Amino acid sequence: MSRRVTLKLGIEGDTHDVTVVIPDDEPTPWDLGARLSIVGKPTPRVDGALKATGAAHYTYDIELPGMLYGAILRSPWPHARIRDIDLSAAKRMAGVRAVLALDDREIRFAGQEVAAVAALSTDIASDALSVVRVDYETMPFVVDVDAAMTDSAPRVFGSGSNVGRASSSSIGNVARGLEQAASTLEATYTTPVQTHVSLETHGAVASFNSAGDELTVWCSTQGIFSVRDDLAVYFSLPPDKVRVVCEFLGGGFGSKFGATPEMIVAARLAKAAGVPVKLMLPRADEHRATGNRPSSIQAVKLGVDGGGKLTAIDLVQHGSGGIGGGAGSAGPFKSIYRCANIRTEERNVYINAGPSAPMRAPGWPQGCFALELAMDEMARKAGIDRLEFRRRNSDNPVRAVEYEIGARAFGWSEKSASKKSTGPVKRGVGVASAEWHAVGVSGPEAQVLAYRDGTVEVRVGTQDIGTGTRTVLAIVAAEELGLPIDRVKSEIGDTRFLFSVPSGGSLSAPSNTPAVRQAAAHLKDKLFRIAAPMLGAEPNDLEASNATIRVRTNPSRAIAFADVCKRIPGDSISAQGERIPNYEGFRTDQAGCQFAEVEVDTETGIVRVTRVVAVHDAGRIIDPLTARSQVNGGVLMGIGFALFEDRRMDPQIGIMVNPTMDDYKLLGSLDAPQIDVTFVEVANGLTNTGVMGLGEVAHVASTAAVACAVYDALGVPVRSLPITPDRVLAALGQV
Amino acid sequence: MNRFEVITPADLASASRILAEDGHAALAGGVDVLDLAKQNIATPNALVNLKGLKELGGIEVRPSGELRLGATAKLSEVAEHPAVRAKFTALAESAGEAATPQIRNLGTVGGNILQRPRCWYFRNPDVNCLKKGGDKCYALGGLNRYHSILGGGPSYIVHPSNLAPALIAFRASAKIVGPGGERALELEKFFTLPTVDPKRENLLKPGEIITEVIVPAPSANARSVYLEAREKQSFDWPLVSAAVVIDRTPGAKTIRDVRVVMGAVAPIPWRSLEAETVLRSGALDESLARAAAEAALKNAQPMSDNAYKVVIAKVIVRRAIMRAAGLEAA
């Protein structure tokens with residue numbers, strides 16, 4: 001059963017009538033004509049006060065009766081074989097309840113897990129680790145990417161090469177494109193390894209029932225269901241015998257999918273000890289072992305014709321995620337700008353360092369940095385305005401609008417044309433383009449309940465990675481039910497709720513909100529059936545708004561939502577909704593652009609970002625406050641990547657030298673610029689809410705915009721991140 | 001972390017006596033000592049709490065113009081004290097630039113002077129470096145972008161104190177109480193190079209406590225500036241700092257006296273007699289300031305990653321001189 005509906009989609013000034021077939025139990029997608037009362041209006045985070053007051057419970061806050069504390073011993077050596085582990089002294093220590101030798105006997109990075117203990121206190125656990133005797137046979141190692149690529153380098157994995165097979169793509173003919181070019185550019189760009197630095201480190205509290213056949217885990221995760229499934233497999237339990245809870249999560253950025261090693265260790269210790277075990281990682285382990293954004297070395301060639309159109313884009317890229325892969329950065333090269341000839345080649349290089357993990361727009365910030373700085377260098381060489389160069393090579397109508405909005409808000413024409421000061425501090429401006437495809441996936445289901453007291457509860461087995469998921473879900477339900485936000489509560493973070501997908505890949509809002517809206521619509525139908533006899537009308541003739549249910553054709557015949565709820569026979573009534581596959585809709589991509597202004601002290605090489613203007617689209621914006629907050633976060637993380645962050649590995653002993661909050665330099669409040677965020681609302685008709693994810697697209701261009709601004713300030717590019725004073729001074733020829 | 005007890009002594013004499021015992025360390029702000037304990041770099045079995053000792057607190061400018069900084073005075077108190085800001089400007093600035101507001105509200109004058117180096121090899125529990133009794137300073141053949149460019153060897157740390165360069169520029173002395181009685185030591189002579197003992201940074205003996213720092217009254221015409229360059233503006237250590245005190249009669253072309261002390265460039269706060277000599281040699285203008293800065297770094301010996309610090313140090317020294325001389329706006 002379905003119906004055909006014609007939707008008005010697109011952006012203001014560029015609308016399209018699109019006819020879609022909609023299942024009968026699905027609400028009609030909000031299009032440009034939709035009149036909404038809460039969606040799109042600023043709503044403060046519903047759990048903001050809990051977080052600000054410390055009342056929100058994170059995994060760190062979980063305390064269970066009889067709970068032990070776990071700790072993990074890690075290898076100080078970057079490459080070694082474990083000949084023997086002697087756990088006897090640890091086992092004998094008073095207060096120690098479980099000791100495990102972990103499975104891997106070959107160590108491939110300093111910081112790899114070797115053994116674990118559970119004890120009555122964290123102090124005893126750490127004492128116990130100090131008496132575990134490990135007999136290591138140390139082996140040659142390599143932590144430098146260039147060195148790892150040489151023939152004589154120690155091999156990270158047995159006899160295999162440290163350089164992985166190329167992942168290649170090609171359209172047209174790049175050699176011919178370069179020949180046809182009026183002007184070409186050839187340059188190499190590098191980016192460092194960045195670690196996720198989740199404020200809440202990885203960890204879990206694990207508890208088995210007395211029979212040992214049911215496991216409950218409280219953990220800091222982006223995917224409660226993926227953790228559940230991984231643990232079920234690991235412990236050979238049916239998934240319904242594993243419960244995973246994550247009420248609040250202190251950051252993940254891609255490093256907290258599935259059952260990570262410390263979660264499994266916590267559960268193994270809990271099983272061995274027969275009581276709950278809490279195991280939260282120290283900061284150094286978080287830096288060394290829980291994931292990172294791989295490095296990159298990107299050799300770029302661009303060609304441009306006399307009309308400022310790109311004739312060739314060529315990328316040969318190497319990158320290292322330590323003992324992990326996923327270092328490719330070709331994404332932006334293949335799709336942000338139109339070009340008939342594009343070739344990319346990506347290779348993983350393995351070194352003796354902690355494994356990579358997906359990190360906010362994997363591959364894109366580093367790729368976008370190289371591409372956009374190359375675009376600026378090309379534009380300068382070809383004598384074209386940098387923004388105009390981008391306009392000529394982008395065919396995305398949404399981005400075209402965004403360039404105009406951003407340029408106006410930023411004052412691009414005046415600022416990019418203004419003369420440099422004669423003093424040592426030079427200002428510069430830059431612009432970079434973003435792209436993403438956060439259309440969400442089907443799979444999540446939602447439950448919405450109305451209680452006799454007139455309040456409503458949304459339940460979804462999702463989790464809040466920090467973006468305001470509770471708030472966004474509550475707004476959608478409130479909108480559909482015609483209620484103010486304070487009547488709706490969101491419950492998330494428990495695998496006892498209906499299934500949802502991990503909060504990563506910008507999936508949460510576009511995957512969950514349509515299920516919630518459908519569930520709320522179904523609940524509304526049930527309430528209308530209760531209200532209809534009260535109003536002497538048919539359920540189909542009713543509508544809900546302003547906390548009132550009324551007859552559509554005769555609004556004076558109305559009854560308060562709460563009065564309808566009083567007729568609920570039991571304590572509550574509930575309805576479910578599912579996330580169905582996307583409709584065809586308007587577009588499935590997101591554009592976006594960011595403008596940055598910097599001040600560079602050309603005598604000291606110190607860079608400060610003074611202003612960023614970010615213009616983005618993410619379908620329909622549910623809450624401009626949480627959306628803006630996501631963009632702020634993406635921009636700040638991008639500035640940190642541009643100027644400060646770098647996992648530094650010592651070549652003599654193969655360790656990370658800066659696994660602390662002191663030495664691993666994260667941007668702080670004084671380093672944050674003024675950030676102005678504008679959203680271009682796109683009615684995409686892809687789902688009943690038309691929401692797209694924002695977490696990644698907001699981060700893609702930030703680093704690049706800063707690097708381009710530094711180039712503008714200096715007149716010479718700094719092609720390696722982070723743009724630290726030594727690199728600025730070197731670019732200026734002063735070192 | 002080693003388990004320790006916290007002992008709160010009744011008076012200074014007993015504090016000193018208890019502190020002299022093996023495995024005992026002083027606790028004031030607790031910023032560094034707890035960090036060191038957590039990393040197993042310090043393994044105290046007792047911390048002697050100095051916070052309750054009244055004679056260690058307070059800041060006062062005496063009628064003579066002399067400044068007394070109690071050892072447990074907070075960095076934030078130094079930074080905000082009106083008389084310190086007016087007469088000992090570089091000192092207030094050096095305290096105000098340190099760390100974060102939270103740390104400045106805990107960190108003390110004594111702790112800032114006595115904190116251990118921030119070197120990432122020294123601070124890493126997996127590395128047994130020269131400073132911890134090992135046989136090698138890893139900075140020399142390793143990652144040394146934040147390490148010393150002057151006075152290094154056989155250890156290449158930089159001294160981390162923000163206050164010390166400013167205090168030395170003002171000729172400050174530390175009053176030290178210990179089992180052997182009381183002594184006063186000019187701060188300039190208090191710090192020691194790694195050639196003396198790579199495991200230490202100063203001459204404090206077991207059981208000794210810095211009780212106060214005395215800064216003599218500066219001349220009425222003295223002007224001072226503290227400047228530092230750091231990568232991040234929030235919570236970062238200086239790449240280079242400089243404290244400059246210039247005494248010049250108003251209207252005079254030449255100076256009567258000057259002190260130039262750099263921080264974060266050497267294993268001790270680095271007074272540059274070379275720069276001072278240049279500054280005394282003629283009319284103070286930009287070219288003399290530039291020449292002084294060149295002289296200050298003439299003997300710099302950068303390592304593989306830190307030649308840029310020499311460039312920055314020259315700039316910071318020159319700018320500090322120019323500002324102290326009133327030739328350049330802050």
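What share of the 330 residues in chain B is buried? Buried residues make up 54% of them. The model behind this value is predicted.

Stay with chain B for its overall form. Its secondary structure comes to 13 helices and 12 strands. The C-alpha atoms fill a box of roughly 60 × 50 × 35 Å, taken along the principal axes. How does the radius of gyration agree with that of a compact globule? For 330 residues, such a globule would have a radius of gyration near 20 Å, and chain B has 19 Å, so the two agree. Contacts add a view along the sequence. Among those in chain B between residues at least 6 apart, 64% join residues at least 24 apart.

Next comes the place where the chains touch. On chain A, 29 residues are in contact with 26 residues of chain B. Helix α20 of chain A, residues 725-731, gives the largest share of chain A's side, with three residues. By class, that side of chain A has 12 nonpolar, eight polar and nine charged residues.

Now turn to chain A and its strand β3, residues 68-74. Is this strand mostly covered or mostly open? It is mostly covered: seven of its seven residues are buried. In a regular strand, side chains alternate between the two faces of the sheet. Both faces of β3(A) are covered. One side holds A:Leu68, A:Gly70, A:Ile72 and A:Arg74, and every one of these is buried. The other side holds A:Tyr69, A:Ala71 and A:Leu73, which are buried too. The charged residue A:Arg74 is thus listed among the buried ones.

Which strands pair with β3(A)? One is β15 of chain A, residues 277-280, which pairs with β3(A) in the parallel sense over two bridges. Here A:Leu68 stands opposite A:Val277. Another is β7 of chain A, residues 113-119, and this pairing is antiparallel over six bridges. Two residue pairs help to locate the β7(A) side. A:Gly70 has A:Ala118 as its bridge partner. A:Arg74 stands opposite A:Glu113.

Follow β7(A) onward. This strand is mostly covered as well, with seven of its seven residues buried. β7(A) also runs antiparallel to β5 of chain A, residues 96-101, and five bridges join the two. In that pairing, A:Val96 has A:Ala119 as its bridge partner. So the path can be traced from β3(A) to β7(A), and from β7(A) to β5(A).

Further along chain A lies another sheet. It is open, has three strands in the order β24-β25-β26, and pairs them in the antiparallel sense. Why is one side of β24 and of β26 left without a neighbour in the sheet? β24 (542-545) and β26 (554-560) stand at the edges, and each has a single partner strand, so one side of each has no neighbour there. On average, neighbouring strands of this sheet are turned by 30° against each other, direction ignored.

Look at one pairing in this sheet. β25, residues 548-551 of chain A, pairs with β26(A) in the antiparallel sense over four bridges. A:Val551 has A:Asn554 in β26(A) as its bridge partner.

A helix goes with these strands. Helix α15 of chain A, residues 508-535, lies across β24, β25 and β26 of chain A. α15(A) runs at about 115° to β24(A).

Conventions:
Residues are numbered from 1 along each chain as its sequence is written. Chains are lettered from A and ligands numbered from 1 in the order in which they are written. This is a predicted model: local features need pLDDT of at least 70, side-chain atom pairs count only at pLDDT 80 or more; totals for chains, interfaces and linings use all residues. A residue is buried if 20 or more other C-beta atoms lie within 10 Å of its own, exposed if 12 or fewer, and partly exposed in between; C-beta atoms are placed from the backbone. Two strands pair if DSSP finds at least two bridges between them. Two residues are in contact if their C-beta atoms, placed from the backbone, lie within 7 Å. Axes are lines fitted to C-alpha atoms, for helices over the stretch in contact, and angles run from 0 to 180 degrees between N-to-C directions. The radius of gyration is taken over C-alpha atoms; the globule rule is 2.2 Å times the number of residues to the power 0.38.
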